[in-house]
Amino acid sequence: MLKGKHIILGITGSIAAYKAAYLTRLLIKKGAEVQIVITPSGKEFITPVTLSALTGKPVVSEFFTANTGEWHSHVDLGLWADAMVIAPATASTIAKMATGVADNMLITTYLSAKAPVFIAPAMDLDMYRHPSTQSNLKTLQSYGNYIIEPASGFLASGLEGKGRMEEPENIIAYLENYFSAGLSYAGKKVMVTAGPTYEKIDPVRFIGNHSSGKMGYAIAEEFARRGADVMLISGPVNLQCSSRIRRIDVVSAKEMCAVAKEEFLKTDIAVMCAAVADYAPKDYSETKIKRNGDLTIELVPNPDIAATLGVIKRENQILAGFALETNDEEQNAKSKLVKKNLDYIVLNSLADKDSCFGYDTNKITIISQNGQKAEYPLKDKKEVAKDIVEYTSLLIK
Ligand code: C5P
């Protein structure tokens, strides 16, 4: 359940920090990738050396490394994570989280995190039951965070009561429970095409386009996060995908088509996100073409991969496409939906600011076979991917 999951483990200054080492060990054993972010007072209780030895990664604590000036991006970390777990969470950290006092790396990471956040409080019983702490926990809960209630028992203060950080095994069980409930695509095979295709002219030149692949990669990651077995067929892009995704790299439209046709036979859901070149040079020159006055390159149409799959689509398969338009957006998207026999089409327009090629954000409208439209505001592509994956789940027969 936790295999391949990216977990940020936030550690704060409580005596229960010693349990964080064991929690780290358990997460690693479950196959998770763990990045530790520790507060300055957390380091008083457990050393970064112990923790980095367990995770195999440097522990992050400061905004930058003092001697090299290397900047640690809380935003990148926040986006990387599938979950953030703060264990132990002190009363002070809980208060800062509730009010957004971003004076250390852990809080800035928390404020940037898009993933679910799990908070395991650890403190003395009186601190825990104080109205301030209780009201901060309620606030955090109302923001969608998960509180892993502390247990009752012997406390470091010598008192007995509620405030003991939940045992690492129980925190793991809590996380596994969360992820298994969210795995609505478990057992489903999903194929996603992404990126541009390059059509070779000679050994040096090609015809391509500006597609960055970000949207398709985000969709593939989101399906995988929700338990699908994902095959990503990728054109040439400068992106990495997580190890839980199977990926085949291709260059030309013809190569992408051959792989997609074969994969589609084993697929339940296919999302065609690639910006496939519509044409390829008729002839390929084995040697570099020399400059010599005007040059005419004859182009021939490439196969329409989505339309090819639309012809062989079975009753229980879902086939989705994208339409990138500059004008007459809706009308063009609808005619593509029909022509390619898609179940839905995701429309995005170059007329929308900060959308499409190269941007991290996108603004989409999903149009279904019966012409119904779902319009979404401008969002980060990772959030857009969540909307598309959620929409797809409504169509599963
Ligand atoms: O016709 P147009 O290229 O605008 O259609 C876009 C949709 O069709 C996208 O889903 C794209 O991935 C897919 N497509 C394809 N093969 C092509 C051209 C487009 O799969 N040759």
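**Note on the ligand site and its surroundings**

1. The shell around the ligand divides into seven nonpolar residues, four charged and one polar. The model is predicted. The residues around the ligand are M272, A274, V276, D278, P303, D304, I305, A306, G321, F322, K336 and K340. Two elements, α12 (305-312) and β16 (318-325), each supply at least two residues of this shell.

2. Three polar distances to the ligand deserve a look. A backbone N or O atom of A274 lies 2.7 Å from a ligand oxygen. A polar backbone atom of I305 is 2.9 Å from a nitrogen atom of the ligand. The side chain of K340 places an N or O atom 2.9 Å from an oxygen of the ligand. Taken alone, the ligand exposes 450 Å², and the protein buries 88% of that.

3. Next, α12. Its buried residues are I305, A306, A307, L309 and G310. Of these, I305 and A306 are also among the residues around the ligand. The cover over the buried residues of α12 includes β8 (189-194), α11 (253-264), β13 (269-272) and β16. Strand β16 therefore deserves a second mention: β16 supplies at least two residues of the ligand shell, and β16 is part of the cover on α12.4. The N-terminal end of α12 is capped by D304. A side-chain oxygen of D304 lies 3.2 Å from the backbone nitrogen of A306. D304 and A306 both belong to the residues around the ligand.

5. Helix α1 spans residues 17-29, 13 residues in total. From first C-alpha to last it reaches 19 Å, close to the 18 Å expected at 1.5 Å a residue. Its buried residues are A17, K19, A20, A21, L23, T24, L26 and L27. K19 is on that buried list, and a check of its surroundings may be of interest to the reader of the model. G31 follows α1 and has a positive phi, near 95°.

6. H210 and N348 make a contrasting pair. H210 is found in the loop between β10 (206-207) and α10 (214-225). N348 lies in strand β17, residues 344-349. Which of the two is buried, and which exposed? H210 has 66% relative accessibility; the cut-off for exposed is over 50%, so H210 counts as exposed. N348 has a relative accessible area of 6%; buried means under 20%, so N348 is buried. The two residues are 138 apart along the chain, and their C-alpha atoms are separated by 15 Å.

7. N348 also has a side-chain partner. The side chain of N348 makes a polar contact with the side chain of N362, at 3.1 Å.

8. Finally, the whole chain. The protein chain has 14 helices and 21 strands. Its C-alpha atoms fill a box of roughly 85 × 50 × 35 Å along the principal axes. Of the 397 residues in the protein chain, 49% are buried. The chain exposes about 18,900 Å², with carbon and sulfur atoms supplying 52% of it. Among contacts between residues at least 6 apart in sequence, 66% join residues at least 24 apart.

Terms used
Residues are numbered from 1 along each chain as its sequence is written. This is a predicted model: local features need pLDDT of at least 70, side-chain atom pairs count only at pLDDT 80 or more; totals for chains, interfaces and linings use all residues. Side-chain values use heavy atoms; hydrogens and water are left out. A residue is near a molecule or strand if one of its heavy atoms lies within 4 Å of it. A polar contact is a pair of N or O atoms within 3.5 Å; within protein, one must be able to donate a hydrogen and the other to accept it, and residues adjacent in sequence count only if both atoms are side-chain atoms. Accessible areas come from the Shrake-Rupley method with a 1.4 Å probe; for residues, only the protein chains shown count as cover. Helices (H or I, at least four residues) and strands (E, at least two) are DSSP runs, numbered from the N terminus. Ala, Val, Leu, Ile, Met, Phe, Trp, Tyr, Cys and Pro count as nonpolar, Asp, Glu, Lys and Arg as charged, and the others, Gly among them, as polar. The expected span of a helix is 1.5 Å times one less than its number of residues. Buried means under 20% relative accessible area, exposed over 50%, partly exposed in between (1.4 Å probe, protein chains only). Contact means heavy atoms within 4.5 Å.
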